[in-house]
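I have a new structure open and my notebook beside it. Here is what I looked up, in the order I went.

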Amino acid sequence: MHSQDAPAPADARERPDVLAHVAGNVRAFRVERGFSQEALAALAGVSRRMISGIESGEANVSLSTLDRLAQALGVSFSALVRPSGMRDNSRIDTLAWRGDNPDSRATLLGTVPATREAELWTWSLGVGETYRAEADAANWHEMLYVVEGALTVEMEGATPRKVTAGDFLIFSSDRPYRFANHGTTPVRFVRNVVF
């Protein structure tokens, strides 16, 4: 769903809003479950140094690392990134990814229950921008609706699909994929992730 390459360092651009909530949430869930930083690092497949950096608010962390932390903690991705006082996930409205191009960003709008959860995102990619995602678990699906421009979806082992404004694409995200803007104008799209 949310998997991505690591964001640029904080001094390269403003950090996404989501990181403001992650530090406290990771620490609170870790302590609640009685995990040391070392134990959580081992369960999530990340370094203890990364856990320490996340909890101190000093580490830029990829969405895929947040996915692994949520799984290790037994919580949803949205529980990890939302403000701690929020009663439900119907209006999270948090910037979670920013690309190199200022026109490129992803905002998690909200989620509803599915087998586990369904997420609603707005995305935009500036000219020449790409977003690379790792494979998700089996039975995860992406539902995309392009509002403006043309989005190319490239999946490992498949022919790239170009989705233009007013069109949509639904696919299983159980293998690596990439969103790309090969056009001459920004592309805006709505992304639903269902798992």
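These entries go from a sheet to one of its edges, then to a surface patch and a helix.

**Before starting.** I note that this is a predicted model.

**The sheet.** I began by asking in what order the strands of the open sheet are arranged. I found six strands, running S1-S2-S3-S10-S5-S8, with antiparallel pairing. As background, I jotted down that strands of a sheet pair through backbone hydrogen bonds, either parallel or antiparallel. Next I checked the edges: they are strand S1 (94–98) and strand S8 (168–172), each of which pairs on one side only. I also looked up the twist, and neighbouring strands of this sheet are turned by 25° against each other on average, ignoring direction.

**The S1 edge.** I wanted to know how many bridges join S1 to strand S2. I counted four, with S2 covering residues 105–112 and the two strands running antiparallel.

**Thr94.** I picked Thr94, which has its place in strand S1. Across from Thr94, in S2, stands Leu108. Is Thr94 buried or exposed? Its relative accessible area is 5%, and the cut-off for buried is under 20%, so Thr94 is buried. I then looked at its side chain: a polar atom there lies 3.0 Å from the backbone oxygen of Ile92.

**A nonpolar patch.** On the surface I came across a nonpolar patch formed by Met143, Tyr145, Val147, Phe168 and Ile170. Together these residues have about 470 Å² of accessible area. Which elements give two or more residues to the patch? They are strand S5 (141–148) and S8. S5 supplies the largest share, three residues. S8 I had already met as an edge strand of the sheet.

**Val147.** From the patch I chose Val147, which is found in strand S5. Why does Val147 count as partly exposed? Its relative accessibility is 38%, and partly exposed means between 20% and 50%, so the label fits Val147.

**Helix H4.** Last, I turned to helix H4, residues 63–73, and asked how many of its eleven residues are buried. The answer is nine, so I wrote the helix down as mostly covered, given that buried means under 20% relative accessible area. The buried residues of H4 include Leu63, Leu66, Leu69 and Leu73. Ser64, Thr65 and Asp67 are also among them, and Ala70 and Ala72 are on the list too. Just after H4 I noticed Gly74, which takes a positive phi of about 75°.

Definitions and conventions: Residues numbered from 1 in each chain as written. Predicted model: local features only at pLDDT ≥ 70, side-chain atom pairs only at ≥ 80, totals over all residues. Heavy atoms only, no water. Pairing = 2+ DSSP bridges. Axes fitted to C-alpha atoms, helices over the stretch in contact; angles between N-to-C directions. Buried < 20%, exposed > 50% of the residue type's maximum accessible area, 1.4 Å probe, protein only. Polar contact = N/O pair within 3.5 Å; in protein donor to acceptor, adjacent residues only side chain to side chain. Patch = residues over 30% accessible without salt bridge, like charges linked within 9 Å, V, L, I, M, F, W, Y side chains within 5 Å. Areas by Shrake-Rupley, 256 points an atom, 1.4 Å probe, with all protein chains shown as cover. Salt bridge = Lys/Arg side-chain N within 4 Å of Asp/Glu carboxyl O.
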